[in-house]
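Trainee: I'm new to this one. Could you take me through a single part of it up close, the small sheet in chain B and what sits around it?

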2 protein chains.
Amino acid sequence: MAVYTDVGEGELAAFLDAYEIGGLLSYKGIAEGTENSNFLLHTEGGSFILTLYEKRVETSDLPFFLGLMEHLAARGIACPQPVRRRDGAMTGPLAGRTAALVTFLEGIWMRRPNVAHCREVGVALASLHLAGADFAGHRPNALAVPGWQTLWENSRERADEVEPGLGAEVESDFAAVAAHWPKELPGGVIHADLFPDNVFFLGEKLSGLIDFYFACNDFYAYDLATCLNAWCFEKDFSFNITKGAALLAGYQSVRPLSTAEAQALPILARGSALRFMLTRLYDWLTIPDGPLVKKRDPMEYVRRLRFHRQVSTPADYGLQ
Amino acid sequence: MAVYTDVGEGELAAFLDAYEIGGLLSYKGIAEGTENSNFLLHTEGGSFILTLYEKRVETSDLPFFLGLMEHLAARGIACPQPVRRRDGAMTGPLAGRTAALVTFLEGIWMRRPNVAHCREVGVALASLHLAGADFAGHRPNALAVPGWQTLWENSRERADEVEPGLGAEVESDFAAVAAHWPKELPGGVIHADLFPDNVFFLGEKLSGLIDFYFACNDFYAYDLATCLNAWCFEKDFSFNITKGAALLAGYQSVRPLSTAEAQALPILARGSALRFMLTRLYDWLTIPDGPLVKKRDPMEYVRRLRFHRQVSTPADYGLQ
């Protein structure tokens, strides 16, 4: 659910006056994304997504996010294209927020992705990494190892409320990350949140990637490890090596991994699972309950961590 | 906010197989309506609204609601048109609910309607009354006087929690309704919930009426009185007689009121305000609080009741 800010017809008309997208036909708040307020607009010029940035997004980061989407779209990546105003700007003020308009992508995100979808995601992720290589913007990953440590310091004491023993258990992951986290690997702009709800398909063909609001500079293979976590575990938290192999093969068909990247996959996957466990744990402990707020269970990532802890080689993920 | 039930791509594809609307391009849960779960679909055949009926709607009433929409659309009323399946049915099962597909109407609902909008609503309401006159279905108004009394019996004891003295104050409205409620007036199918969020405009031209899920048989003038409450009070709860006059003139340009209907307007408007106050009061007292649940304040209708109590003639609403 995500319409935190309603938009009136008068203020919207004034906002849209700055754009050349034809007359407004309709707008509906949509229940997608968890960070911002999103509206689907129909205008005489087509369909668009209007996003009002809420408190979790730093507006100083918007030129990076929107500039990246424009850069990638110009290089053939199927992603929302920011619509520029007549004055050239990519954002404007609306309802007390900073807002942007991007093109609407048709497509459906897969609640139950199959092996073919996993392969397509691998191909798309590698294509995104190559297309972003010459992007001029730079944004450090706020949710890299030091960020995890801050989240952990703010959650550790209460971690056992989620499951007894969780605090001590997760300490072993921090120890592993401290000992084995790679110092140098090929890197550049990564998506950093390429979960199934951010990837659209028409049938088994990938039709678009959305939600670049965690994009940042980090290791490419870390992005790939996040996709292993996001796409290749079944609902019972078992790792599906056939999906892993498809994802990795799809990726390598566009951008082959170096030996160092391949060797680092187990620790990167463990670190990535730790990262998503930590943000969920923090939200779980700090956001009040409500009938329409569906907090995501940190245990889903503890279950993944338990898998990664016993992995010994990248072949365990299906790397060939 | 209203997506109570998520729909997976597999079950949606199976549901849509029964329709002839072309391939599915996208679907988004939309934050409109408060009773049901609604999705905006793009298909190769156009745009549609998919509704999953939640617990407040009796599925036995759906043939009335959907049949009425089909009947009205066939008579030129701009309302969503139910899409029939290949087997002729207007509903099917989806995600554990009964679901229906209707055509999408372009248009924008007015957070701040002006006088011209009020006139258009009057014209559209009268046109709806005429177009529905030969509809074969019949559904008693569950929220008529006996229904109000049930709501009141379940809320009265705690009414003073909302405002001290509210319980005694509202008793006077029940006394007035008991003494003056009309026994006979022209009637037929009414919309019964024609609030601004159920009426779409393109500019100042009305483009559609939606949400027929309170439609029932009752006095036509009661429907008009509900529109006076819904459209002609300002944000400070003052009655805007210019808007009232425009609404009533628009209505009478299509269907002139009888003397009995005109004389009954004050008690009908008071009763209608009582009805919306009571459902809001009941929800206010019984639905738990939550960060994304915006319960509607019953006092907004107590303020309207206070206006209606001191009205003496229909001219006070702008009737000419």
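Mentor: Sure, and let's start with what pairing means here: two strands count as paired if DSSP finds at least two bridges between them. Keep in mind that this is a predicted model. Strands of a sheet pair through backbone hydrogen bonds, either parallel or antiparallel.

Now look at strand E8 of chain B, residues 199-202, which pairs with E9(B) over four bridges in the antiparallel sense. You can pick out one of the partnerships by eye: B:Phe201 has B:Leu206 in E9(B) as its bridge partner. Zoom out a little and you'll see an open sheet of three strands, ordered E6-E8-E9 in chain B, with antiparallel pairing. At the edges sit strand E6 (108-109) and strand E9 (205-209) of chain B, and each of them pairs on one side only.

What lies across this sheet? Helix H3 of chain B, residues 115-131, lies across E8 and E9 of chain B. Against E9(B), helix H3 of chain B runs at about 45°.

While you're in chain B, have a peek at an arginine and a ring: B:Arg304 lies over the face of B:Tyr301, 4.3 Å from the ring centre. Chain A has an arrangement of this kind too, with A:Arg111 over the face of A:Trp109 at 3.8 Å from the ring centre.

Rings also pair with rings, and a search of the whole structure turns up 36 aromatic pairs over all chains. Take A:Phe15 and A:Tyr19: their ring centres are 5.3 Å apart and their planes are at 45°, so that pair is tilted. Both A:Phe15 and A:Tyr19 are buried.

Terms used
Residues numbered from 1 in each chain as written. Chains lettered and ligands numbered in written order. Predicted model: local features only at pLDDT ≥ 70, side-chain atom pairs only at ≥ 80, totals over all residues. Heavy atoms only, no water. Phe/Tyr/Trp six-rings, centres within 6.5 Å; stacked < 30°, edge-to-face > 60°. Buried < 20%, exposed > 50% of the residue type's maximum accessible area, 1.4 Å probe, protein only. Lys NZ or Arg CZ within 6 Å of the ring centre and 35° of its normal. Helix = DSSP H or I, 4+ residues; strand = E, 2+ residues; numbered from the N terminus. Contact = heavy atoms within 4.5 Å. Axes fitted to C-alpha atoms, helices over the stretch in contact; angles between N-to-C directions.
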